[in-house]
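Student: Could you take me through one part of this structure slowly and in detail? I would like to look closely at a single group of aromatic rings and at what surrounds it.

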Amino acid sequence: MSLFRTAAATSLVLGFLTACSSTEAADPGISVPPSPSVSPSAAAPTPPADATSSATPIPPNSVGTGAPPGAKKPSGIPKTPTDSIASPGWIDGLVTRGGTGPCYGFADWDGKPYAVYSPVGTELKKGDHIRVRFVPNKLRIDCGEGTQVVMEAFERVQ
């Protein structure tokens, strides 16, 4: 019985190997890249007869080199920073609960809420875009929902 199984398995493997190694042409309805045996001139489209360019045709499936079309070289070094890097310890966001203090509501751009305490009494309006520097609130003052913090400094952002 094991000889029969071995013979059947061997014939299946040989059948699969010969089927995979056939070199018949691909079905015209299937998009297949040209094989390496095809010359580049046969794979590339022929230019029109009145073309005056003597450049070699670009084979299909090739990647162009150089700058992309329409790209231009920068005129020089930028005069102002081209990226917006936040200062360490500073958080940008919007005032969610305003007033004259001492408690405010604030949310950063990720939506994280902060309950802000400030003894200075600064006038902040709901919706103001500000940049603030917080320290953890070690006082026993509850300023509402969110992470309890004390505002060390702030600046308005236009």
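Tutor: In this predicted model, Phe106, Tyr114 and Phe134 form one aromatic cluster. The structure holds three aromatic pairs, and two of them can be followed here ring by ring. A pair of aromatic rings is described by the distance of the centres and the angle of the planes. In the pair of phenylalanine 106 and phenylalanine 134, the centres are 5.5 Å apart and the planes stand at 80 degrees, an edge-to-face arrangement. Because phenylalanine 106 lies in strand β2 and phenylalanine 134 in strand β4, this pair ties together parts that are 28 residues apart in sequence. The other pair joins tyrosine 114 to phenylalanine 134, with 5.1 Å between the ring centres and 40 degrees between the planes, so this pair counts as tilted. Here too distant parts of the chain are linked, since tyrosine 114 belongs to strand β3 and phenylalanine 134 to strand β4, 20 residues apart.

Are these three rings buried or exposed? A residue counts as buried when its relative accessible area is under 20%. Phenylalanine 106 is buried because its relative accessibility is 3%, tyrosine 114 is buried because its value is 9%, and phenylalanine 134, with a relative accessible area of 13%, is buried as well. For the chain as a whole, 15% of the 158 residues count as buried.

The cluster belongs to a wider setting, the largest nonpolar core, which has 11 residues in all and includes Phe106, Tyr114 and Phe134, together with others such as Val95, Leu124, Ile130 and Met151. The strands β2 (103–108), β3 (113–117), β4 (129–136) and β5 (147–156) each supply at least two residues of this core, and β4 gives the most, with three residues. To place these strands in the chain, it helps to know that there are two helices and five strands, and that from the N terminus on the elements run α-α-β-β-β-β-β.

Another member of the core, valine 116, sits in strand β3 and counts as buried because its relative accessibility is 2%. Leaving aside neighbours within four places in sequence, valine 116 is in contact with eight residues that can be named in turn: Pro102, Cys103, Tyr104, Phe106, Phe134, Cys143, Val149 and Met151. Two of the rings of the cluster, Phe106 and Phe134, are therefore among the contacts of this buried valine 116. The C-alpha atom of valine 116 is also separated by 5.6 Å from that of valine 150, although these two residues are 34 apart along the chain. Such links fit a wider count, for among contacts in the chain between residues at least 6 apart in sequence, 51% join residues at least 24 apart.

Valine 95, also a core residue, touches Phe106 of the cluster, and its other contacts beyond four places in sequence are Gly105, Leu124, Lys125, Lys126, Gly127, Asp128 and Ile130.

Next, consider the empty space beside these side chains. Rolling a probe the size of a water molecule over the atoms shows where empty space is left. The structure holds one cavity of 30 Å³ or more, and the largest cavity has a volume of about 40 Å³. Its lining consists of Val95, Tyr104, Gly105, Phe106, Val116, Leu124, Ile130, Val132, Phe134 and Met151, so that Phe106 and Phe134 of the aromatic cluster appear here again. Strands β2 and β4 each supply at least two residues of this lining, which divides into nine nonpolar residues, one polar residue and no charged ones.

Lastly, follow the contacts of valine 116 outward to Pro102. Proline 102 is placed in the loop between β1 (90–97) and β2, and the peptide bond that leads to it from glycine 101 is cis, with omega near 5 degrees. Most peptide bonds are trans. Glycine 101 is in turn touched by threonine 122, whose contacts beyond four places in sequence also include Gly99, Thr100, Tyr104, Phe154 and Arg156. Threonine 122 lies in the loop between β3 and β4, and it counts as buried because its relative accessibility is 16%.

Conventions
Residues are numbered from 1 along each chain as its sequence is written. This is a predicted model: local features need pLDDT of at least 70, side-chain atom pairs count only at pLDDT 80 or more; totals for chains, interfaces and linings use all residues. Side-chain values use heavy atoms; hydrogens and water are left out. A nonpolar core is a set of buried Ala, Val, Leu, Ile, Met, Phe, Trp, Tyr and Cys residues joined through side-chain atoms within 4.5 Å. Buried means under 20% relative accessible area, exposed over 50%, partly exposed in between (1.4 Å probe, protein chains only). Helices (H or I, at least four residues) and strands (E, at least two) are DSSP runs, numbered from the N terminus. Contact means heavy atoms within 4.5 Å. On a 1 Å grid over the protein atoms alone, a cavity is a set of points where a 1.4 Å probe fits but cannot get out, and a pocket is an open set with protein on both sides within 12 Å along at least five of seven lines; lining residues have an atom within 4 Å of a point. Grid points are joined across faces, edges and corners, and a volume is the space filled by probe spheres set on the points. Ala, Val, Leu, Ile, Met, Phe, Trp, Tyr, Cys and Pro count as nonpolar, Asp, Glu, Lys and Arg as charged, and the others, Gly among them, as polar. Rings of Phe, Tyr and Trp (its six-membered ring) pair if their centres lie within 6.5 Å; planes under 30 degrees apart count as stacked, over 60 as edge-to-face and the rest as tilted.
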